[in-house]
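Biologist: I'm new to this one. Can you pull it up and walk me through it?

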Amino acid sequence: MFRRTFIALTAAGAVATSAFAMSHSKDIVDTAVEAGSFTTLVAAVQAADLVDTLKSEGPFTVFAPTDEAFAALPEGTVENLLLPENKDQLVAILTYHVVPGKVMSGDLSNDMQAATVQGGEVTIMTEGGVMVNDANVVTADIETSNGVIHVIDKVILPAM
């Protein structure tokens, strides 16, 4: 099981890396759209009216959950969050994945706290692989014209 998971993560990382090659001429949103593995994240950003913000000058650091990360949420969660009446909750979750400024992996330290745009903090751990709260960073340092994307394998949720 571990071997299959490792192989799948390695393959996903290789695909993500090649999809992101030369992407730093595009902004965060266009880079995510081009990658093809963030359709749920992009749909959520659109539903939350955050596209213009994430296309602005920034810089921003985005911890971007993959489609698989969103699919791992309890059934119906994503559909419920995309409803117009839940926009505030969706905005809070999405902005919890964003840190102001451009934070590259070399800037991280173990047990680091980072303030999010949402207002909460995420904890960064660097021992045994990089984690943001309880999500693993599977691809790091994807530079864009207005910041950086770090791909994570889980949707992180703020205290609500």
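Modeller: Here is a short tour, from the whole chain down to single residues. Keep in mind that this is a predicted model.

Biologist: How many helices and strands are there in the protein chain?

Modeller: The protein chain has 7 helices and 7 strands. From the N terminus on, the order is α-α-α-α-β-α-α-α-β-β-β-β-β-β.

Biologist: And what share of the residues is buried?

Modeller: Buried residues are 41% of the 160 in the protein chain. The chain exposes about 8,500 Å². Carbon and sulfur atoms supply 58% of that area.

Biologist: Let's go to the sheet. What is the strand order?

Modeller: The order is 2-1-7-6-5-4-3, in an open sheet of 7 strands with mixed pairing.

Biologist: Which strands stand at the edges?

Modeller: Strand 2 (98–100) and strand 3 (112–115) do. Each has a single partner strand, so one side of each is left without a neighbour in the sheet.

Biologist: Strand 5 and strand 6: parallel or antiparallel?

Modeller: Antiparallel, over 2 bridges. Strand 5 is residues 131–132, and strand 6 is residues 135–144. Val132 has Ala135 of strand 6 as its bridge partner.

Biologist: New topic. Which residues touch the most other members in the largest nonpolar core?

Modeller: Phe38, Leu41, Leu54, Val62 and Leu94, out of 28 residues in that core. Several elements each supply at least two residues, including helix 3 (39–47), helix 7 (87–95), strand 1 and strand 7 (147–152). Apart from that core lies another one, of 13 residues. Val103, Ala114, Val137 and Ile156 are among its members.

Biologist: Back to Leu94. What does Leu94 touch?

Modeller: Leaving out residues up to four places away in sequence, Leu94 touches Leu41, Ala44, Val45, Ala48 and Leu50.

Biologist: Is there a general pattern behind such cores?

Modeller: In soluble globular proteins, nonpolar side chains tend to be buried together.

Biologist: One more residue. Where is Thr61?

Modeller: Thr61 is in strand 1, which covers residues 60–65.

Biologist: Why does Thr61 count as buried?

Modeller: Because its relative accessibility is 0%, and buried means under 20%.

Biologist: What does its side chain reach, at 2.7 Å?

Modeller: The side chain of Thr61 reaches the backbone nitrogen of Val103. Val103 also belongs to the core of 13 residues.

Biologist: And which residues is Thr61 in contact with?

Modeller: Beyond its neighbours within four places in sequence, Thr61 is in contact with His97, Val98, Val99, Gly101, Lys102, Val103, Val148 and His150.

Definitions and conventions: Residues numbered from 1 in each chain as written. Predicted model: local features only at pLDDT ≥ 70, side-chain atom pairs only at ≥ 80, totals over all residues. Heavy atoms only, no water. Helix = DSSP H or I, 4+ residues; strand = E, 2+ residues; numbered from the N terminus. Buried < 20%, exposed > 50% of the residue type's maximum accessible area, 1.4 Å probe, protein only. Polar contact = N/O pair within 3.5 Å; in protein donor to acceptor, adjacent residues only side chain to side chain. Contact = heavy atoms within 4.5 Å. Pairing = 2+ DSSP bridges. Core = buried A, V, L, I, M, F, W, Y, C linked by side-chain atoms within 4.5 Å. Areas by Shrake-Rupley, 256 points an atom, 1.4 Å probe, with all protein chains shown as cover.
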